[in-house]
Amino acid sequence: MRASNSAKFITIEGGEGGGKSTNVEFIKQYLTEQKIDFIHTREPGGTPLAEQIRELMLSKREEKVAEDAELLLAFAARAQHIAEVIRPALESGKWVLCDRFTDATYAYQGAGRGINMDKIAQLETMVQNGLQPDITLLFDLPVDVGMKRAAQRGELDRFEVEQAAFFERIRAEYLHRASSFPQRYRIVDASLELPQVRAQVLGIVADVLE
Ligand code: Z5A
């Protein structure tokens with residue numbers, strides 16, 4: 001395994017149907033080939049408690065979920081995930097590859113649901129205490145293309161049943177954040193054929209390794 005003191009925190013973001021799950025497998029394979037000691041985890045989730053919170057967040061229900069309740073669930077899961085998984089892994093020298101992180105909260109709860117971004121920033125400060133990803137891969141593609149892809153996967157969750165306008169706001173917020181944090185963000189054109197997307201992704205990860 002490689003030297004442990006340069007462990008990277010890599011997050012994977014994007015709207016529906018962007019191919020995050022598909023491409024994360026390529027990243028895992030590449031990191032393994034490069035003998036990088038890493039863990040792969042996800043948000044919401046990543047610990048038993050946080051996975052239960054994920055279930056609460058994603059399951060469809062008759063009761064309307066208050067926007068602040070959804071926001072606090074996302075950060076409750078994140079607090080547990082950081083304490084139990086992310087920080088210990090980074091501190092022990094393991095890279096952390098995480099499907100979604102706080103950028104998703106700004107995109108989904110902020111732009112999607114309309115929650116004030118300052119409120120999200122306050123929770124981010126409280127829960128993360130300075131922790132930020134080193135690199136964020138944004139799988140970007142037109143909303144209609146992504147929704148068609150996501151629909152092919154089977155039953156839709158509580159977020160996936162939203163209308164196109166919701167996902168347009170999410171896409172715009174991700175792109176806005178990418179331009180606000182150019183050092184950290186890498187945009188992947190996820191509308192291309194899978195081999196081309198894979199080539200972009202592996203190019204980015206190879207750069208990080210250098
Ligand atoms: N959420 C939130 O609201 N607030 C928060 O703070 C956080 C999350 C952290 C679950 O996330 C939900 O949580 C999410 C936001 C909310 N909303 N939803 N839904 P998730 O990441 O677990 O769920 P997801 O967005 O559905 O991610 P996913 O499973 O990785 O899906 P994906 O990005 O669409 O990837 P995929 O399953 O690999 O690809 C979708 C389909 O497209 C699949 O059939 C592939 O074979 C196909 N595909 C992939 N790439 C291609 C290319 N290049 N060409 C053609 N077809 C392709």
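## Salt bridges, ring pairs and two helices

With a relative accessibility of 25%, arginine 171 counts as partly exposed, a class that lies between buried (under 20% relative accessible area) and exposed (over 50%), as computed with a 1.4 Å probe on protein chains only. The model is a predicted one, in which local features need a pLDDT of at least 70 and side-chain atom pairs count only at pLDDT 80 or more, while totals for chains, interfaces and linings use all residues. Residues are numbered from 1 along each chain as its sequence is written, and side-chain values rest on heavy atoms, with hydrogens and water left out.

**Salt bridges**

Arginine 171 is joined to aspartate 140 by a salt bridge whose closest N and O atoms are 2.8 Å apart, the term requiring a side-chain nitrogen of Lys or Arg within 4 Å of a carboxyl oxygen of Asp or Glu. This pair links distant parts of the chain, since arginine 171 belongs to helix H7 and aspartate 140 to strand E4 (residues 135-140), 31 residues apart; helices (H or I, at least four residues) and strands (E, at least two) are DSSP runs numbered from the N terminus. Aspartate 140, in contrast to its partly exposed partner, is buried at 13% relative accessible area.

By this rule the structure has eleven salt bridges. In another of them, arginine 78 meets glutamate 43, with the closest N and O atoms 2.6 Å apart. Here too distant parts of the chain are linked, arginine 78 lying in helix H3 (residues 67-91) and glutamate 43 in the loop between strand E2 (38-42) and helix H2 (48-58), 35 residues apart. Both arginine 78 and glutamate 43 are buried.

Lysine 28 and glutamate 25 form a salt bridge at 3.4 Å, N to O, and both belong to helix H1 (residues 20-33), where three residues, about one turn of the helix, separate them. Both side chains are attached to partly exposed residues, lysine 28 at 23% relative accessibility and glutamate 25 at 43% relative accessible area. Glu70, Arg113, Arg158 and Glu162, moreover, are linked in a network of salt bridges.

**Aromatic rings**

There are four aromatic pairs in the structure, a pair being two rings of Phe, Tyr or Trp (its six-membered ring) with centres within 6.5 Å, and with planes that count as stacked when under 30 degrees apart, edge-to-face when over 60 and tilted for the rest. In one of them, the ring centres of tyrosine 108 and phenylalanine 159 are 5.8 Å apart and the planes stand at 90 degrees, so the pair is edge-to-face. Because tyrosine 108 lies in helix H4 (residues 102-112) and phenylalanine 159 in the loop between helix H6 (143-151) and helix H7 (164-180), the contact ties together parts that are 51 residues apart in sequence. Tyrosine 108 is buried at a relative accessible area of 5%, and phenylalanine 159 is buried at 7%.

Phenylalanine 166 and phenylalanine 167 also make an edge-to-face pair, with 5.3 Å from centre to centre and 85 degrees between the planes, and both residues are buried. Ring pairs link Tyr108, Phe159, Phe166 and Phe167 into a cluster.

Charged groups also sit over rings, which here requires NZ of Lys or CZ of Arg within 6 Å of the ring centre and within 35 degrees of the ring normal. The charged end of arginine 177 sits over the ring of tyrosine 106, 3.9 Å from its centre, and arginine 198 lies over the face of phenylalanine 26, 5.0 Å from the ring centre.

**Helices H1 and H7**

The expected span of a helix is 1.5 Å times one less than its number of residues.

| Helix and residue count | Expected span | Distance between end C-alpha atoms |
|---|---|---|
| H1, 14 residues | 20 Å | 20 Å |
| H7, 17 residues | 24 Å | 24 Å |

In H1, the buried residues are Lys20, Asn23, Val24, Phe26, Ile27, Tyr30 and Leu31. They cover an arc of only 155 degrees around the axis, which puts them on the same side of H1, the arc being that of the directions from the helix axis to the C-beta atoms. The face turned away from this buried side carries the exposed residues Ser21 and Glu33. The buried residues of H1 pack against strand E1 (9-14), E2, strand E3 (95-99), E4 and helix H8 (194-209), where contact means heavy atoms within 4.5 Å. Just after H1, lysine 35 takes a positive phi of about 60 degrees.

The buried residues of H7 are Phe166, Phe167, Ile170, Glu173, Tyr174, Arg177 and Ala178. They span an arc of only 140 degrees around the axis, which puts them on the same side of H7. These buried residues of H7 pack against E1, H4, helix H5 (117-128), E4, H6 and strand E5 (185-189).
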